[in-house]
Amino acid sequence: MDIGTSLAWSTPIAIGIAAFGCAIGLGVAVGKALDAIARQPEASGKIMTTMIIGAALIEALTIYTLIVFFMSFNQMK
């Protein structure tokens with residue numbers, strides 16, 4: 001098996017794993033933020049701000065993985 005075949009099989013699997021992990025992390029983060037807002041509604045502004053920053057960082061991982069995929073895909077050609 002050559003490097004092109006290995007990349008063709010491994011990169012989509014890696015993207016799927018990264019997207020699945022990010023989805024789980026984002027779901028946990030939003031769930032915990034909603035629990036915190038339900039307990040302390042007066043702190044909802046601070047909690048939402050922190051959650052949105054955290055969600056952006058979680059989603060950045062998926063975007064970085066997609067960029068690496070495109071870089072690997074260009075090397076296969």
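User: Which residues make the nonpolar surface patch of about 440 Å²?
Analyst: This is a predicted model. One member of the patch, Y64, has 54% relative accessibility and therefore counts as exposed. Y64 sits in helix 2, residues 44-76. The full patch is made by I63, Y64, I67 and M71.

User: How many helices and strands does the protein chain have?
Analyst: Helix 1 covers residues 3-39. Helix 2 covers residues 44-76. The count for the protein chain is 2 helices and 0 strands.

User: What radius of gyration does the protein chain have, set against a compact globule of 77 residues?
Analyst: The C-alpha trace spans about 60 × 15 × 10 Å along its principal axes. A compact globule of 77 residues would come near 11 Å. The protein chain has a radius of gyration of 18 Å.

User: Is A18 buried or exposed?
Analyst: A18 lies in helix 1. Its relative accessibility is 16%. The cut-off for burial is under 20%, so A18 counts as buried.

User: How far apart in space are A18 and L66, C-alpha to C-alpha?
Analyst: A18 belongs to helix 1. In sequence, A18 and L66 are 48 residues apart. In space, C-alpha to C-alpha, the separation is 9.4 Å.

User: Why does A55 count as buried, and how far in space is A55 from A29?
Analyst: A55 is placed in helix 2. A55 counts as buried because its relative accessibility is 16%. A55 and A29 are 26 residues apart in sequence. Their C-alpha to C-alpha distance is 7.5 Å.

User: What share of the exposed area of the protein chain do carbon and sulfur atoms supply?
Analyst: Of the 77 residues, 17% count as buried. The protein chain exposes about 5700 Å². Carbon and sulfur atoms supply 73% of that area.

User: How far apart do the centres of the positive and negative side chains lie?
Analyst: The protein chain carries 4 positive side chains. It also carries 4 negative ones. The centres of the two sets are separated by 5 Å.

Key:
Residues numbered from 1 in each chain as written. Predicted model: local features only at pLDDT ≥ 70, side-chain atom pairs only at ≥ 80, totals over all residues. Heavy atoms only, no water. Helix = DSSP H or I, 4+ residues; strand = E, 2+ residues; numbered from the N terminus. Rg over C-alpha atoms; globule rule 2.2 N^0.38 Å. Buried < 20%, exposed > 50% of the residue type's maximum accessible area, 1.4 Å probe, protein only. Areas by Shrake-Rupley, 256 points an atom, 1.4 Å probe, with all protein chains shown as cover. Lys, Arg positive; Asp, Glu negative; His and termini not counted. Charge placed at Lys NZ, Arg CZ, Asp CG, Glu CD. Patch = residues over 30% accessible without salt bridge, like charges linked within 9 Å, V, L, I, M, F, W, Y side chains within 5 Å. Salt bridge = Lys/Arg side-chain N within 4 Å of Asp/Glu carboxyl O.
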